[in-house]
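Please read the following alongside the sequence and the coordinates, which are shown just below. The account moves from one helix to the sheets, then to the cores, the cysteines and the relation between the chains.

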Protein chains: 2
Amino acid sequence: MYRIGFDIGGTNIAAGLVDEKGAIVSRFTLPFEKEAYRGALAEKLAGMVYSLIENSGIRKEEVVSVGLAVPGSIDPNAECVLDAYNLDLHNVPFWAEVQAQLPEFPVLLINDADAAAVAELYGGAFSEAKTAVLLTLGTGVGGGVIIGGRLWRGGMGHGVELGHMALDISGRMCSCGVRGCIEANCAATSLITAAREALASGERGLLYGRCGGDPARVNAKLVVDCARENDPAAAQIFGDYVNALSSAVVSVIHLLDPEVIAIGGGVSLAGDFLFDPLRESVKKKCFFDTFARIEPARYGNDAGILGAAMLGADTVI
Amino acid sequence: MYRIGFDIGGTNIAAGLVDEKGAIVSRFTLPFEKEAYRGALAEKLAGMVYSLIENSGIRKEEVVSVGLAVPGSIDPNAECVLDAYNLDLHNVPFWAEVQAQLPEFPVLLINDADAAAVAELYGGAFSEAKTAVLLTLGTGVGGGVIIGGRLWRGGMGHGVELGHMALDISGRMCSCGVRGCIEANCAATSLITAAREALASGERGLLYGRCGGDPARVNAKLVVDCARENDPAAAQIFGDYVNALSSAVVSVIHLLDPEVIAIGGGVSLAGDFLFDPLRESVKKKCFFDTFARIEPARYGNDAGILGAAMLGADTVI
């Protein structure tokens, strides 16, 4: 018995054949071509399904579901893609389109951040957990919530927008147009923004040396590396970042009191250099004497494929 | 069939006999005397139960439960009061103490903000709702959360601390010692603080006239009244308050997507003058095209009694 999961991104479409142990046993990746796929994406995905089955030497009867993780908002019935800017899909009845192309399999649709949270339920950071939250710190801040051991899609079915909870309403403007969202302070991008501001205001330390004074060469890893090497400006930026992130984590704890908070995305690769001060700061701010384990998400780039595949396991949502 | 609910506060102990329709048919209130009750509070409550039954002319067999709402943190088993500062109760096995005094009735213990949320489920703002959040804007900011039509006590049983979610981490220090909590920006107290700061910085408008220049005479209602009369300083303070509150509400919506958010406490008495701009501001900041109804809590001072009483209805938690 196998399940197929798709992680459909603005750059690539990645498909994986997932076995009963939750391992990806076969993969198929294609570049996402916005123009070529306009109106023909469902057909393309169906082709990938049949290729994946054929190339894996299994019978199609062994595939029990096909899940689609999409970087965008999904309607409460999980049928339409409301807005997926990177895919240029807007109010598209995507589920029906793909289901029509794949009549032999139940097709399921999910937001990619939700898919990543579902993936962690299967052998990942959320194993055994009933209440858990995933925060993904990348270009933006995404996340998924598990309540009662199942994916939480919101009381009205709108899903969650963890990155756009308020954090610092006197602070930075968020790309969404609202001041002070978690995303404006905890995305990898906010490390870059802060470093560029430091350079612009005349900072000439390690950070400046490493990027040759070129703001375009600043990335989140560079800021973390310089902080690790005790560059004062980078250390300050990273310290402020950890302070903001710990407040975001405390907000989630004070509302949901989850057993686990998993952190994924590029910034989580800083490892203990991030997690140690983060846990310490949460401990200082949290009202509860015990609180959620705070740990790295287990699944990185595979989270979308795995989560989409596991949607077919009807214990999940 | 009746239920008894207690709202035990630092000033008064209020008990009510609640009928099957959820109406308080009889009441008994005593001042809370911290010194006199030390170690004897359970006995006092039991006495009140028997007096209430006797004076109401019912038989004690008609009372199916006794609920206790306490202003403080409760352990995950709902047996101990961990900290209730106003009652001077700390790590007290309060449930067992009261149950021992009232062997004929099942005794149940709950936090008062949780009780208020439970009360709204019964003919109040949360009737028919599966996911709902109560925010109480008073001296502090309290709140209760309903998920799946039941009181949410947190994934690990610690309850919720809505007032101490982060909102403005560059802003005001909260009384809890952490900068920028919702409570530091959305409590009635924060209207008073902002008005006193305005007076201290030389503001001499309507606000100044109404309090005779005496900061001690400033209260939240005065600020609201002056804002209503278009005093520029008061209008600015109230506008900032609504902006902060709408961000707090959006945080809750983006995580839980509830069907209803009810707002209680002193500030909610401002009515449409609060709710109209609040809804408008939430609409601007919220990602979802439709979102929670935002409305006044139905039960004011009776919320604790009603919620504690309804704990006995086993559909609730």
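The buried residues of helix H11 of chain B are Ala303(B), Gly304(B), Ile305(B), Leu306(B), Gly307(B), Ala308(B), Ala309(B) and Met310(B), where buried means under 20% relative accessible area, exposed means over 50% and partly exposed lies in between, with a 1.4 Å probe and protein chains only. This helix spans residues 303-310 and is mostly covered, eight of its eight residues being buried; helices (H or I, at least four residues) and strands (E, at least two) are DSSP runs, numbered from the N terminus. The cover over the buried residues of H11(B) includes, from chain B, strands E1 (2-8), E2 (12-18), E3 (24-31), E4 (63-70) and E8 (107-111) together with helix H4 (112-121), contact being defined as heavy atoms within 4.5 Å.

The model is predicted, so that local features need pLDDT of at least 70 and side-chain atom pairs count only at pLDDT 80 or more, whereas totals for chains, interfaces and linings use all residues. Residues are numbered from 1 along each chain as its sequence is written, chains are lettered from A and ligands numbered from 1 in the order in which they are written, and side-chain values use heavy atoms, with hydrogens and water left out.

In chain A, an open sheet of five strands follows the order E11-E10-E9-E12-E13 with mixed pairing, two strands being paired if DSSP finds at least two bridges between them. Strands E11 (150-151) and E13 (293-296) of chain A stand at the edges with a single partner strand each, so one side of each has no neighbour in the sheet. Strand E9 (residues 132-137) and strand E12 (residues 260-264) of chain A pair in the parallel sense over five bridges, and Leu134(A) has Ala262(A) as its bridge partner in E12(A). Helix H9 (residues 232-256) of chain A lies across E9, E10 (141-147), E12 and E13 of chain A, at about 155 degrees to E9(A); axes here are lines fitted to C-alpha atoms, for helices over the stretch in contact, and angles run from 0 to 180 degrees between N-to-C directions. Helix H10 (residues 272-285) of chain A lies across E12 and E13 of chain A, running at about 160 degrees to E13(A).

The largest nonpolar core has 118 residues, of which Ile263(A), Cys186(B) and Ile263(B) touch the most other members; such a core is a set of buried Ala, Val, Leu, Ile, Met, Phe, Trp, Tyr and Cys residues joined through side-chain atoms within 4.5 Å. Apart from it lies another core, of 36 residues, including Val49(A), Val92(A), Val98(A) and Phe105(A). Val92(A) is also the bridge partner, in E7(A), of Val81(A).

With a disulfide taken as a pair of cysteine sulfur atoms within 2.5 Å, the count comes to zero over all chains. For Cys226(A), the nearest cysteine sulfur is that of Cys211(A), 8.1 Å away, and Cys226(A) counts as buried at 0% relative accessibility.

Finally, chain B can be laid on chain A with an RMSD of 0.0 Å by a turn of 180 degrees and a shift of 0.0 Å along the axis, the superposition being by least squares on the C-alpha atoms of residues with pLDDT of at least 70 in both. The two copies are thus related as by a two-fold rotation axis. They meet through the same surface, because 100% of the interface residues of chain B are also interface residues in chain A.
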